[in-house]
Amino acid sequence: MILTVTLNAALDITHRVARLRPHASNRVSDVSQRAGGKGVNVARVLRALGERTAVTGLAGGPTGAAVRADLAAASIADHLVPIDGESRRTVAVVDDRDTTILLEPGPPVTSAEWARFTRRYRELLGGARAVVLSGSLPPGVPADAYGVLVALARAAGVPALLDADGEALLAALAEGPDVVKPNIHELAAVTGGEDPAVGAAALTAAGARAVVVSLGPDGLLAHTPDGVWRARPPAPVAGNPTGAGDAAVAALALGLTAGHAWPERLVEAVALSAAAVAAPLAGDFDPAVRRALLGTVTVNSVPPSTI
Ligand SMILES: Nc1ncnc2c1ncn2[C@@H]1O[C@H](COP(=O)(O)OP(=O)(O)OP(=O)(O)O)[C@@H](O)[C@H]1O
Ligand SMILES: [Mg+2]
């Protein structure tokens, strides 16, 4: 089983309006909600590919209960640890032009709840072939939480993939995560530089074993122990890019557990993440787009002299 961790699980609410007017009343034509948070999206993608997955993290209150009910409806194994605080909601307002997203910070987490979570996490690692650590930290969780979780995974012999940003990412690098997956903006924010190849090399020097930078419609740059590669889709795909990074992480986790060579992992990650753009909701992908793209993704080795 591949374990995904969502410390700040969320109920994702989507409101549709004809045309969003800020600072005015907007009539909603349709509203939907489902369990979210990056790790939950990764688990949905893995499950759709036939992989056994389990979700853990923190959830509480009526919103946490709604998250859990939706996971049960999607037949995703739910090992979320209960907390007293109320889980957050994210609100996306979609109109005919664009999407506006409101992200709540998440509930306060006590040190006793965090300790209970780490105990449960250790138990779950016993049955995991890889662990995916994704997304923001709710208030009260230690700033080095991902460092602690990477170290526990590695001590248990379980490879760890990390999709985090800012301080949460930096604080985990020294523990040697097997793969980190910043997008280009997250990479620039933590390294201060614009060149992704240089930024990826810096995160590797800080302890990450491999760094895969996602470049939106331009694909991926991977800095790995086996080489440096650029992988590209044949053309940009139209749709909703939210959650494309989560699909890329799902593919990288699968490739890692299958022992595939890096170029093969990158082809799958580019095809699957582009297929996620083609599907309207984060956590979904269009299987026909994925199949069509698998044969058309290009992967090129980047010579060290150009980095
Ligand atoms: N328009 C697009 N067309 C084709 N592929 C895309 C497009 N946008 C994104 N992708 C693919 O999805 C991957 C991840 O996208 P992106 O860099 O936007 O991730 P992200 O910002 O981490 O996303 P999120 O955190 O919302 O899941 C890219 O590396 C690329 O392979
Ligand atoms: Mg992302």
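This section describes the surroundings of ligand 1, two helix packings and the pairing of one strand with two others in a predicted model.

The shell around ligand 1 comprises 21 residues, of which Asn183, Ser214, Ala244, Gly245 and Ser273 approach the ligand most closely. Two or more residues of this shell are supplied by each of two elements, namely helix H8, which spans residues 244–258, and helix H9, which spans residues 262–277. When the residues around ligand 1 are sorted by class, 12 are nonpolar and 8 are polar, while 1 is charged.

Helix H9, in addition to giving residues to the shell around ligand 1, packs against helix H10, formed by residues 287–294, with the two axes coming within 8 Å and crossing at roughly 145 degrees. The crossing of H9 with H10 is right-handed. On the side of H9 the contact involves Val267, Ala271, Leu272, Ala274 and Ala275, and these residues meet Pro287, Val289, Arg290, Leu293 and Leu294 of H10. The contact of H9 with H10 contains 9 nonpolar residues and 1 charged residue, with no polar residues.

A second packing involves helix H6, residues 184–191, and helix H7, residues 196–205, whose axes lie 10 Å apart and enclose an angle of about 60 degrees. Because of this angle, H6 is oblique to H7, and the crossing in which H6 passes H7 is left-handed. The residues of H6 that take part are Ile184, Leu187, Ala188 and Thr191, which meet Pro196, Gly199 and Ala202 of H7. By class, the contact of H6 with H7 has 5 nonpolar and 2 polar residues, and no charged residues.

Among the strands, S2, which covers residues 10–16, is joined by 7 bridges to strand S3, residues 30–36, in an antiparallel arrangement. Within the pairing of S2 and S3, Thr14 is placed opposite Ser32 of S3. Strand S2 is also joined by 7 bridges to strand S6, residues 88–94, and here the two strands run parallel. For Ile13, the bridge partner in S6 is Val91. Strand S2 is thus described by two pairings, antiparallel with S3 and parallel with S6.

Note on methods:
Residues numbered from 1 in each chain as written. Chains lettered and ligands numbered in written order. Predicted model: local features only at pLDDT ≥ 70, side-chain atom pairs only at ≥ 80, totals over all residues. Near = placed C-beta within 6 Å. Helix = DSSP H or I, 4+ residues; strand = E, 2+ residues; numbered from the N terminus. Nonpolar A, V, L, I, M, F, W, Y, C, P; charged D, E, K, R; others polar. Axes fitted to C-alpha atoms, helices over the stretch in contact; angles between N-to-C directions. Parallel < 35°, antiparallel > 145°, perpendicular 65-115°, else oblique. Left-handed = near helix turned anticlockwise from the far one by under 90°. Contact = placed C-beta atoms within 7 Å. Pairing = 2+ DSSP bridges.
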